[in-house]
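Reader: I am just starting out with protein structures, and I would like a close look at one part, the charged side chains that pair with each other. Please go slowly, explain each term when it comes up, and then show me what lies around them.

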Amino acid sequence: MTTLDEIEAAIPALRRYARALLRDRAAADDLVQDCLEKALARRAGWRGEGSMRGWMFRILVNLHRDGLRRGARGPQLSVVGEGMAELARPGAQEGHMALREVQDAIARLPAEQREALLLVALEGMSLAEAAAVLGLAEGTLASRLGRARASLRAATGRDLPRQERPREEGTEQR
């Protein structure tokens with residue numbers, strides 16, 4: 001597989017990660033575009049250490065962090081009607097509410113924990129691969145993952161003892 005083929009193959013995963021990280025489709029697409037431009041411009045400088053996919057994720061994470069440091073994200077405007085088809089689905093409200101609760105909890109995580117969690121949980125990277133992408137030791141990554149998961153459990157009420165959890169309708173306490 002050529003370098004260009006590997007770059008092209010990484011695009012869906014980069015897009016998925018950027019959308020989960022930013023929660024804004026347009027900003028995520030811009031971030032992926034910037035990542036692809038940088039990867040293509042510097043592909044001759046890639047040393048072949050690790051996977052091309054990991055290298056590209058590293059570029060994307062660094063661009064994201066640079067944007068956060070610059071405060072590039074100002075007020076977010078959206079066009080009325082944009083994404084309305086996604087909101088107009090009937091049924092499964094509890095599932096959507098639970099998903100929204102988890103998404104909001106992920107959004108409230110510190111950036112370092114959110115980056116680590118999304119690489120491992122969403123992209124399915126191993127600890128070693130995610131640690132390489134983020135430029136961390138595996139132990140540091142594991143610690144961030146543990147704190148992120150504990151925060152998510154606390155934010156969604158999943159860390160409460162079973163008898164203290166809110167009962168769902170139609171279920172019995174055991």
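Author: A good pair to begin with is Asp66 and Arg69, whose side chains meet in a salt bridge with 2.5 Å from N to O, where a salt bridge is a side-chain nitrogen of Lys or Arg within 4 Å of a carboxyl oxygen of Asp or Glu. Before going further, please keep in mind that this is a predicted model, in which local features need pLDDT of at least 70 and side-chain atom pairs count only at pLDDT 80 or more, while totals for chains, interfaces and linings use all residues. Residues are numbered from 1 along each chain as its sequence is written, and side-chain values use heavy atoms, with hydrogens and water left out.

Asp66 and Arg69 are both in helix α3, and because they are 3 residues apart there, about one helical turn separates them. Helices here are DSSP runs of H or I with at least four residues, and strands are runs of E with at least two, numbered from the N terminus. In general, an α-helix has 3.6 residues a turn, so residues three or four places apart point the same way. With a relative accessible area of 62%, Arg69 is exposed, whereas Asp66, at 27%, counts as partly exposed; buried means under 20%, exposed over 50%, and partly exposed in between, using a 1.4 Å probe and protein chains only.

Now turn to pairs that reach further along the chain, for the whole structure has 8 salt bridges. Glu123 and Arg16 form a salt bridge through their side chains, at 3.1 Å from N to O. This pair links distant parts of the chain, since Glu123 is in the loop between α6 and α7 while Arg16 is in helix α1, 107 residues apart. Glu123 also meets Arg53 in a salt bridge, with 3.3 Å from N to O. Arg53 belongs to helix α3 and Glu123 to the loop between α6 and α7, so this pair ties together parts that are 70 residues apart in sequence. Glu123 is buried, at a relative accessible area of 8%, but its two partners are partly exposed, Arg16 at 40% and Arg53 at 26%. Put together with Glu129, these residues, Arg16, Arg53 and Glu123, are linked in a network of salt bridges.

Another glutamate, Glu115, has its place in helix α6, and with a relative accessible area of 1% Glu115 is buried. Leaving out residues up to four places away in sequence, Glu115 touches Tyr17, Leu21, Val61, His64, Arg65 and Leu134, where contact means heavy atoms within 4.5 Å.

Arg23 is a further charged residue worth following, and it lies in the loop between α1 and α2. Its side chain is joined to that of Asp104 by a polar contact of 3.4 Å; a polar contact is a pair of N or O atoms within 3.5 Å, and within protein one must be able to donate a hydrogen and the other to accept it, while residues adjacent in sequence count only if both atoms are side-chain atoms. Arg23 and Asp104 are 81 residues apart in sequence but 10.0 Å apart in space, C-alpha to C-alpha. Arg23 is partly exposed at 41%, and it has a positive phi of about 60° although it is not a glycine. For comparison, most residues other than glycine have a negative phi.

Finally, look at what is around these helices. The largest nonpolar core has 39 residues, of which Leu14, Tyr17, Met56, Phe57, Leu60, Leu119 and Leu141 touch the most other members. Elements giving two or more residues to this core are α1, α2, α3, α5, α6, α7 and α8. A nonpolar core is a set of buried Ala, Val, Leu, Ile, Met, Phe, Trp, Tyr and Cys residues joined through side-chain atoms within 4.5 Å. Leu14, for instance, touches Val32, Cys35, Leu36, Met56, Phe57 and Leu60, not counting residues up to four places away in sequence. On α2, the buried residues pack against α1 and α3.
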